[in-house]
Amino acid sequence: MVIVGGGAAGLSLAYRLVETGVVTVTVVEPPNGPVRPAERTWCYWDQGDGDFGEAVTATWPLLRVHGPDGGPLTVDPTPSRYRMVRSTAFERLVHARLARAPGGRLLRATADTVRDVPGGAEVRCTAPGGRTLTLRSRYVFDSRPLRALPPARTQLLQHFRGWFVRTRGDRFDPAVADLMDFRVPQPRHGLAFGYVLPLAPDRALVEYTEFSRAPLTTEAYEAALGHYTREVLRLGEFSVESAEQGVIPMTDARFPRRAGAAVFRIGTAGGATRPATGYTFAAVQRHSRAIAAALHDGRATVPAPHGRRALAMDAVLLRALDTGRIDGPAFFTGLFRRTPAQRLLRFLDGATSLREEWGIGLRTPVGPMLRTALEVPFLPRRTHPAPGTGESHR
């Protein structure tokens, strides 16, 4: 098997394929240089000790949301914990696993073309010295970002900038992750929130995030982060050790899972990002396990990363947010307030039953949501501008 791209999706699939004993796995990653992405942060929830032990930077047993009125709501998602993985540590873990596997291989090269050929697929690459390479495999899994998004009825962007900060005194509770803090000024269209992941009493990732139609300038993110850290969190004296920034599409577009008879798309390019929340990493893990199991059993089909029912609900929620029929901060705060934590996490990941979803739906603004549900099937799908590159923290 050949996997193109060494981000969360490509590395996760390689990990699962090696785990299930697939004979050969080659991962094609960009060489060091401007094409290679900067270090990224991925977060997800998992039960028990999780799969990636040594790559996990931090875990949080409690989750908190601050409503628009400033009131905090803390929930305990036991047996799940929220976890952070940094891309460098995750790469190190998967690269070591590949090196130990008899058929594992890591190739540092730029993938130029991926196409079907008789009996499988072909990847043509350029190595750092300019040498061209051609790889052939029964199947190729391509995680590279799409050049243009498929037509959609609704498209928002989840765009963010985060600071890794160190404070002069102890300002954070390392047991609690703030998933959504709505005590920030709200944009005219969409919603905004703060996101705080403590790494120590004096260190944290502090992020400003918007769900809206267009990203901000770096200067605007910096101003929003300055206001949040100083006026809302009141951190006092602190230093910024590093920063991250990204843009992720939130769209009800239909992402094709295949780019050819033997070429499959994975990750955000294959529709793994949950449209209404931006959560990706947990879905990538489920999808990678399913693909590895299918190949192990000799099945040449790749399942969808999200079920049709989950995508239909997301299409309604996206439209309701985009039209302003529901108040985003009130909606998400209400979900945390009225839904048991473990059930809510399953809902955000698209893993709830129909009965559970019905119960959650009855606790949302029924009138606006019903009106939107009746409207969505008749909306035309249009091409929207492609966002900049980015990878979801979640």
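**Buried side chains, salt bridges and a domain contact**

Leu133 is found in strand β11, which covers residues 132-137. In this predicted model, Leu133 comes out as buried, since its relative accessible area is 16% and the cut-off for that label is under 20%. Leaving aside residues up to four places away in sequence, the side of the chain that Leu133 touches is made up of Leu107, Val123, Arg124, Cys125 and Ala127. Gly119 is another matter: 14 residues separate Gly119 from Leu133 in sequence, and their C-alpha atoms sit 19 Å apart in space.

One of the residues touched by Leu133, Arg124, also has a charged partner. The side chains of Arg124 and Glu122 meet in a salt bridge, with N and O 3.0 Å apart. The two ends of this pair get separate labels: Arg124 is partly exposed at 41% relative accessible area, while Glu122 is buried at 1%. Now for the wider network and a pair in another part of the chain. Glu375 and Arg319 form a salt bridge through their side chains, at 2.9 Å from N to O. Glu375 belongs to helix α9 and Arg319 to helix α5 (residues 308-323), so this bridge ties together parts that are 56 residues apart in sequence. Glu375 is partly exposed, with a relative accessible area of 23%, and Arg319 is buried, with 17%. Back around Arg124, salt bridges with shared partners link Arg115, Glu122, Arg124 and Arg136 into one network.

Helix α9 (residues 366-375) also holds Thr372. Thr372 has a relative accessible area of 0%, so it counts as buried. Its side chain makes a polar contact with the side chain of Arg325 at 3.1 Å. Beyond residues up to four places away in sequence, Thr372 touches Val316, Arg319, Ala320 and Arg325; Arg319 is thus a contact of Thr372 as well as the salt-bridge partner of Glu375.

Over the whole structure, the search turns up 24 salt bridges. One of them joins Arg64 and Asp178, whose closest N and O atoms are 2.6 Å apart. This pair links distant parts of the chain, with Arg64 in strand β5 (residues 62-66) and Asp178 in strand β14 (residues 176-181), 114 residues apart. Arg64 is partly exposed at 21% relative accessibility, and Asp178 is buried at 6%.

On to the domains. The protein chain is divided into domain 1 (2-58 + 85-148 + 255-297), domain 2 (159-245) and domain 3 (308-378). For domain 1 and domain 2, the C-alpha centres lie 30 Å apart, and the contact takes 11 residues from domain 1 and nine residues from domain 2. Together the two domains bury about 530 Å², with 61% of that on carbon and sulfur atoms. On the domain 1 side, Thr41, Cys43 and Arg86 lose the most area to domain 2, together making up 48% of what that side buries.

The count of salt bridges between domain 1 and domain 2 is one. Arg86 and Glu244 are joined by a salt bridge between their side chains, at 2.4 Å from N to O. Polar contacts across this interface come to two residue pairs, both at pLDDT 80 or more. As for secondary structure, β3 (41-47) and β4 (56-60) each supply at least two residues of the side of domain 1 that touches domain 2, and β3 gives the largest share, three residues. By residue class, that side of domain 1 divides into five nonpolar, three polar and three charged.

Within domain 2's range of residues, Thr229 sits in helix α3 (residues 218-232). Thr229 is buried, with a relative accessible area of 0%, and its side chain reaches the backbone oxygen of Gly226 at 3.2 Å. Not counting residues up to four places away in sequence, Thr229 touches Trp163, Val206, Arg234, Leu235 and Phe238.

Arg234, one of those contacts, is found in the loop between α3 and β17 (238-251). Arg234 is exposed, with a relative accessible area of 57%. Its backbone is worth a look too: phi is positive, about 50°, although Arg234 is not a glycine. Most residues other than glycine have a negative phi, and most peptide bonds are trans. A second backbone oddity concerns the peptide bond itself: Thr78 and Pro79 are joined by a cis peptide bond, with omega about 15°. Pro79 lies in the loop between β6 (72-75) and β7 (80-86).

How values were computed:
Residues are numbered from 1 along each chain as its sequence is written. This is a predicted model: local features need pLDDT of at least 70, side-chain atom pairs count only at pLDDT 80 or more; totals for chains, interfaces and linings use all residues. Side-chain values use heavy atoms; hydrogens and water are left out. Domain bounds come from an automatic or database domain assignment. Contact means heavy atoms within 4.5 Å. Buried area is the accessible area (1.4 Å probe) that two parts lose on being put together, summed over both. A salt bridge is a side-chain nitrogen of Lys or Arg within 4 Å of a carboxyl oxygen of Asp or Glu. A polar contact is a pair of N or O atoms within 3.5 Å; within protein, one must be able to donate a hydrogen and the other to accept it, and residues adjacent in sequence count only if both atoms are side-chain atoms. Helices (H or I, at least four residues) and strands (E, at least two) are DSSP runs, numbered from the N terminus. Ala, Val, Leu, Ile, Met, Phe, Trp, Tyr, Cys and Pro count as nonpolar, Asp, Glu, Lys and Arg as charged, and the others, Gly among them, as polar. Buried means under 20% relative accessible area, exposed over 50%, partly exposed in between (1.4 Å probe, protein chains only).
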